[in-house]
Amino acid sequence: MLRLPTFEVVQPTALEAALEALAEPDAVAVAGGTDLLPNLKHRLAYPRRLVSLARVEGLARAPEVEADGTLVLRAGATLARVAADRRVRTIAPSLAEAAGRVASPLIRNMATIGGNVNLDTRCRYVNQTAFWRSAIGGCLKSEGQVCHVVPKGRNCVAALSSDTVPVLLSLDARLVQRAAGGRRREIDVASYFHADGTAHLLREPGEITWEIRIPPAVQPRRTAYVKWSVRGSIDFPLVSVALRADLEEDRDDAPVVGWRVVAGVLGSKPRVVKVPPAATGAPLADPAVAEAVAEAVHRQCKPLENVPYEAAYRRKLARVLVRRAVARLGGRDTAR
């Protein structure tokens, strides 16, 4: 049995009190705890204080739609609530799909959307017990000086395994960050992540994610999220891709005028795939469109051996999953 280290727990109910507590040295925020607590058991961090956000007033409020059509998600809303919410399923169905496929029902009832956005990076050489890590001398992310995935690399390549982040990026979402003293800033999801597994979040000290804002669509679109893991539940994704196809008109046979494709689990930040012109100008049901998008993902996304399962297989599978997803968006058979 892995035991937790010793720490103090505070449970403020007011946002400002929580932010003041987080401003103290060695304080860490905890919401659902489904990622943080296992990491503490593995001795990947030694915080002196955990600041629980579970009772902070307003942080877990239900999703809302503003007058201009902006979908607003409070960071403390559970993944189960996000997945089931009618407004989310209508405005951002790919986000509802991603949230509803995280881990298991028990975890989704605890884990929050804000926690999934701020998920720590993972690596097969890091997310082990401290005893296991000591046998290889640690790594750049834990106690060592070398990356066992890319031995000559200078940066940690631990993977961001969040299901919701690629989707939020594909939907041009923005994060509202709060800190003590009334500080507030808004940042787009694409700018929140950095390609370094040891410090992949551009989060300022003492800051928490307060809400997630998804702007309304400016034209008709279809969205999808695909993932693969060895087991159908519990496991983190080993392949994940979020897709958004912008259409000329709100018809199934309307031509595609633009794409937003984002791949996850490659490194410490999502990768935005550059989709070629061949994937536009025709309806989603055209097999050439699915093939063009799938080939773009395969060509530009090169997984590393940073998570379980062979990188070459994961790369090939990404192409297959994307081809099938585009075919489904176009109403075609997905057997191939």
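Q: Why is C139 called buried in this predicted model?
A: C139 has a relative accessible area of 6%. Buried means under 20%. The value falls under that cut-off, so C139 is buried.

Q: What makes C123 count as buried?
A: Its relative accessibility is 9%. The cut-off is under 20%, so C123 counts as buried too.

Q: Why is C139 not bonded to the closest cysteine sulfur?
A: That sulfur is in C156, 6.2 Å from the sulfur of C139. A disulfide needs two cysteine sulfur atoms within 2.5 Å. The pair is therefore too far apart for a bond.

Q: How do you know that C123 does not form a disulfide with C139?
A: The sulfur of C139 is the closest cysteine sulfur to that of C123, at 6.2 Å. The limit is 2.5 Å, so this pair is too far for a bond.

Q: How many disulfides does a search of the whole structure find?
A: The search finds 0.

Q: What makes up each domain of the protein chain?
A: Domain 1 covers 1-54. Domain 2 has two segments, 64-118 and 159-214. Domain 3 covers 221-329. Taken over C-alpha atoms, the centres of domain 1 and domain 3 are separated by 36 Å.

Q: What is the volume of the second largest pocket, and which residues are closest to its centre?
A: The second largest pocket holds about 200 Å³ of space. It is lined by 13 residues, and L266, G267, S268, K269 and R271 are the closest to its centre.

Q: What kinds of residue form the lining of the second largest pocket?
A: The lining has 6 nonpolar, 3 polar and 4 charged residues.

Definitions and conventions
Residues are numbered from 1 along each chain as its sequence is written. This is a predicted model: local features need pLDDT of at least 70, side-chain atom pairs count only at pLDDT 80 or more; totals for chains, interfaces and linings use all residues. Side-chain values use heavy atoms; hydrogens and water are left out. Buried means under 20% relative accessible area, exposed over 50%, partly exposed in between (1.4 Å probe, protein chains only). Domain bounds come from an automatic or database domain assignment. On a 1 Å grid over the protein atoms alone, a cavity is a set of points where a 1.4 Å probe fits but cannot get out, and a pocket is an open set with protein on both sides within 12 Å along at least five of seven lines; lining residues have an atom within 4 Å of a point. Grid points are joined across faces, edges and corners, and a volume is the space filled by probe spheres set on the points. Ala, Val, Leu, Ile, Met, Phe, Trp, Tyr, Cys and Pro count as nonpolar, Asp, Glu, Lys and Arg as charged, and the others, Gly among them, as polar.
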